[in-house]
Amino acid sequence: MPASDPKHAARATRTAGRQMRSRLLDGASRLFKERGLAGTSISDIAAAADAFPSQITYYFRTKEALFVEAACRDMLYVARAAEQAALPAHTPHEYTRALVETVTATDSVAFFTEALTLTRRRQDLAPLVERTIERLHGEGMRAYAGQIERHGWKSLRDPDASSRRFWAVAIGVMVEGFAMGRSAEELSSEMLRVLGDQATPKPAADDARLRLVGDASNPGSPDGERSA
């Protein structure tokens, strides 16, 4: 398609716009976490992103709106990283530990909490936070339900309640921990203590029954794996 084609030009403009927004969010996220909202200026963010201050107001309107969007994006990133880290887990305890250690290794939850506080005074920014929280709960629920089905665990709560409880505990423990100067290891230990057991592993008797069924239906196979 010729470069002069209007559709090509529109796509190129949209792509450039997405790239600029991403650069601004990257630069803003780093500066906000280092210096806070009050200690970071629009000029600082523009310089970090190799952009003009006017581009920040064009894409985000205000510094506060950029702060909230950067915090929400960071929160979704750490949630995705936690789910990936927990995928290889074979037991409920391993799964929970992997989630907790990934979440407490960053300050993304504390950053997001600041955005929650900001929206109390700026209700116009609340919808983005609400959508982010619903995504956290929804994606967490799906990931947890998938692990339960995959491994045959017995969850102590329904997956939606487990996901909501996990993030409520994470926010509470980390806000308190940052205020008291606790290390990532201390935050992780405290969060694991408060969460407790989320599920129980599949009973060993179930595995034994599966093996017995496999042996009976497939005498030529010592371990019955083919039948199972």
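**Exercise 1. Find which residues ring pairs link into a cluster, then classify two pairs.**

Step 1. Ring pairs link F32, F67 and F111 into a cluster. Rings of Phe, Tyr and Trp (its six-membered ring) pair if their centres lie within 6.5 Å; planes under 30 degrees apart count as stacked, over 60 as edge-to-face and the rest as tilted.

Step 2. Note the source. This is a predicted model, where local features need pLDDT of at least 70, side-chain atom pairs count only at pLDDT 80 or more, and totals for chains, interfaces and linings use all residues. Residues are numbered from 1 along each chain as its sequence is written, and side-chain values use heavy atoms, with hydrogens and water left out.

Step 3. Count the pairs. The rule gives six aromatic pairs. One of them joins Y58 and Y59, with 4.9 Å centre to centre and 85° between the planes, an edge-to-face pair.

Step 4. Check accessibility. Buried means under 20% relative accessible area, exposed over 50%, partly exposed in between (1.4 Å probe, protein chains only). Y58 is exposed because its relative accessibility is 66%. Y59 has 25%, so Y59 is partly exposed.

Step 5. Take F166 and W167. Their ring centres are 5.1 Å apart and their planes stand at 85°, so this pair is edge-to-face. F166 is buried at 9%. W167 is buried at 7%.

**Exercise 2. Describe the largest cavity: what is its volume, and how many residues line it?**

Step 1. Fix the term. On a 1 Å grid over the protein atoms alone, a cavity is a set of points where a 1.4 Å probe fits but cannot get out; lining residues have an atom within 4 Å of a point. Grid points are joined across faces, edges and corners, and the volume is the space filled by probe spheres set on the points.

Step 2. Count and size. There is one cavity of 30 Å³ or more. The largest cavity has a volume of about 180 Å³.

Step 3. List the lining. It has 14 residues, and Y95, L99, G140, S163 and F166 lie nearest the centre. Helices α4 (63–86), α5 (92–104), α7 (126–151) and α8 (159–179) each give two or more residues. The largest share, four residues, comes from α8. Helices (H or I, at least four residues) are DSSP runs, numbered from the N terminus.

**Exercise 3. Is Q147 buried or exposed, and which residues does Q147 contact?**

Step 1. Q147 sits in helix α7.

Step 2. Its relative accessible area is 3%, so Q147 is buried.

Step 3. Contact means heavy atoms within 4.5 Å. Leaving aside neighbours within four places in sequence, Q147 is in contact with A86, L87, A89, Y95, G152 and W153.

Methods:
On a 1 Å grid over the protein atoms alone, a cavity is a set of points where a 1.4 Å probe fits but cannot get out, and a pocket is an open set with protein on both sides within 12 Å along at least five of seven lines; lining residues have an atom within 4 Å of a point.
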